[in-house]
Amino acid sequence: MEKRAVVCLGELLVDFVPEENGLPLSEVQTFRKAAGGAPANVAAAVAKLGGKSRFIGKVGRDPFGEYLRAALAEAGVEPALVETDEARTGLAFVSLKENGERDFLFYREPAADMLMRKEEVEEAWLQDAAVFHFGSVSLISEPSRMATLDAARRARVHGAIVSYDPNVRLPLWRNADFARRIIVDQFPFADIVKVSEEEVAFLYGEGVSLEKGARLILGAGPRCVVVTLGSAGCRLFTSSGEVTSPGISVQAVDTTGAGDGFVGGLLYRLAADGVKASRLEEAFADSAFASGALRFANGIGALTTTRRGAIPALPTREEAERELAGEA
């Protein structure tokens with residue numbers, strides 16, 4: 001039977017990653033160009049693991065757009081890209097602390113991906129979706145917000161699990177209150193939501209526990225919520241229970257794309273195992289499946305931090321299995 005795809009829609013941009021950690025952007029002398037953008041990273045993670053993936057997005061008709069198209073193809077992702085002369089491809093400059101954590105400076109006012117219109121998303125790009133994945137960056141403004149939500153609705157009609165990662169990047173938003181409202185308003189569109197512990201605090205307040213935050217998200221309609229805890233692993237919540245999975249120990253160099261690697265690993269497993277949206281809770285109630293899928297996702301996220309960049313750092317299935325075998 002032909003594989004069904006993990007289909008991701010949203011921003012695709014060029015990350016300029018410093019060659020040296022520990023410097024503010026004003027002092028960085030050399031950068032390495034790397035393909036990035038959270039939904040694109042997820043698509044690449046799935047493809048590099050051997051899954052079928054497709055990325056839907058919009059790029060400028062410029063050299064950076066050409067570079068990104070080639071980067072997706074090299075990673076094994078099917079590019080479903082719309083080109084435009086209206087705006088340039090988005091750029092992000094990244095500074096890295098000594099522990100690999102990041103600060104971003106974005107050039108995207110507007111970037112091409114912000115101009116994606118719903119009529120530009122072809123039905124054929126959604127018909128074979130096992131999973132449809134999106135983030136919040138494409139929700140910041142119109143027309144990309146409507147394009148994203150319309151595509152999620154159409155993919156669900158075709159039987160896809162709808163996955164949502166808020167991936168909060170506050171410098172891109174008008175203000176924090178607006179970001180919070182738009183992000184929370186989209187939870188009913190999703191079957192599975194991935195958030196970090198920092199994002200739970202941003203959305204619901206510093207004093208709100210992870211358990212309460214996850215329950216609030218579940219109450220909006222998703223079937224399960226995964227809270228990532230950085231190097232400590234993750235916790236998955238459903239209406240019937242919780243599963244905790246510890247982190248995988250690695251020497252982190254650059255955390256860019258780690259959360260996207262985690263999401264890609266998890267969505268790859270859901271697609272490969274043929275899990276349906278209506279069976280998500282049942283799948284994660286199976287302790288063997290839940291522990292295996294979350295450990296695998298943790299491993300992909302962890303390995304992504306051991307190299308610079310996002311898409312270039314994502315591991316293959318062979319690399320992941322070798323590392324996880326050593327951790328067993």
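**A walk through the predicted model**

Helix 6 spans residues 210-219, and its buried residues are Leu-210, Gly-213, Ala-214, Ile-217 and Leu-218. Viewed down the helix axis, these buried residues fall within an arc of 140 degrees, so they line one face of helix 6. The general rule behind such a pattern is simple: an α-helix has 3.6 residues a turn, so residues three or four places apart point the same way. This is a predicted model, and every value here is computed from it.

What lies over that face? The cover for the buried residues of helix 6 includes strand 10 (192-196), helix 5 (197-204), strand 11 (224-228) and strand 12 (234-238). Just past the end of helix 6, Gly-221 has a positive phi of about 135 degrees.

Helix 5 is the next stop. Its buried residues are Glu-199, Val-200, Ala-201, Phe-202 and Leu-203. They pack against strand 9 (161-165), helix 4 (176-185), strand 10, helix 6 and strand 11. Just after helix 5 comes another glycine with positive phi: Gly-205, at about 110 degrees.

Now the cores. The largest nonpolar core has 56 residues. Which residues have the most contacts inside it? They are Phe-55, Ile-192, Leu-266 and Phe-284. Helix 9 (residues 287-304) gives the most to this core, with nine residues. A second, separate core holds 49 residues, including Ala-129, Tyr-164, Ala-190 and Leu-218. Leu-218 has already appeared among the buried residues of helix 6.

Phe-284 gives a detailed view of the largest core. Beyond its neighbours up to four places away in sequence, Phe-284 touches Ile-192, Cys-224, Leu-236, Val-243, Leu-266, Leu-270, Phe-289 and Ala-290. Ile-192 and Leu-266 are among the residues with the most contacts in that core.

Turn to helix 1 (residues 38-48), where Ala-40 is found. Ala-40 is buried, with a relative accessible area of 0%. Leaving out residues up to four places away in sequence, Ala-40 touches Glu-11, Leu-12, Phe-55, Leu-72 and Ile-311. Phe-55 is one of the residues with the most contacts in the largest core. Ala-40 and Ala-271 are 231 residues apart along the chain, and their C-alpha atoms are separated by 17 Å.

Asn-41 also sits in helix 1. Is this asparagine buried or exposed? Its relative accessible area is 3%, under the 20% cut-off, so Asn-41 counts as buried. Apart from neighbours within four places in sequence, Asn-41 is in contact with Ala-35, Gly-36, Gly-257, Asp-260, Ala-310, Ile-311 and Leu-314. Ile-311 is thus a contact of Ala-40 and of Asn-41.

The second largest pocket holds about 320 Å³ of space. Its lining has 20 residues, and the closest to its centre are Lys-3, Arg-4, Ala-271, Ala-272 and Gly-274. Helix 7 (residues 258-272) supplies the largest share of the lining, three residues. By type, the lining divides into 11 nonpolar, four polar and five charged residues.

Several loops deserve a look. The one between strand 7 (102-107) and strand 8 (129-135) contains Asp-113. At 5% relative accessibility, Asp-113 counts as buried. Residues up to four places away in sequence aside, Asp-113 touches Gly-10, Glu-11, Leu-12, Lys-58, Arg-108 and Ser-144. Glu-11 and Leu-12 are also contacts of Ala-40 in helix 1. Pro-110 lies in the loop between strand 7 and strand 8 too. The peptide bond leading into it from Glu-109 is cis, with omega near -10 degrees.

A cis bond is also found from Glu-142 to Pro-143, with omega near 10 degrees. Pro-143 belongs to the loop between strand 8 and helix 3. Helix 3 covers residues 144-157 and includes Arg-153. With a relative accessible area of 46%, Arg-153 is partly exposed. The C-alpha atoms of Arg-153 and Ser-141, 12 residues apart along the chain, are separated by 18 Å.

The last stop is the loop between strand 9 and helix 4, which holds Asn-167. Its phi is near 45 degrees, a positive value in a residue other than glycine. Asn-167 counts as buried, at 12% relative accessibility.

Technical notes: Residues are numbered from 1 along each chain as its sequence is written. This is a predicted model: local features need pLDDT of at least 70, side-chain atom pairs count only at pLDDT 80 or more; totals for chains, interfaces and linings use all residues. Side-chain values use heavy atoms; hydrogens and water are left out. Buried means under 20% relative accessible area, exposed over 50%, partly exposed in between (1.4 Å probe, protein chains only). Helices (H or I, at least four residues) and strands (E, at least two) are DSSP runs, numbered from the N terminus. The arc is that of the directions from the helix axis to the C-beta atoms. Contact means heavy atoms within 4.5 Å. A nonpolar core is a set of buried Ala, Val, Leu, Ile, Met, Phe, Trp, Tyr and Cys residues joined through side-chain atoms within 4.5 Å. On a 1 Å grid over the protein atoms alone, a cavity is a set of points where a 1.4 Å probe fits but cannot get out, and a pocket is an open set with protein on both sides within 12 Å along at least five of seven lines; lining residues have an atom within 4 Å of a point. Grid points are joined across faces, edges and corners, and a volume is the space filled by probe spheres set on the points. Ala, Val, Leu, Ile, Met, Phe, Trp, Tyr, Cys and Pro count as nonpolar, Asp, Glu, Lys and Arg as charged, and the others, Gly among them, as polar.
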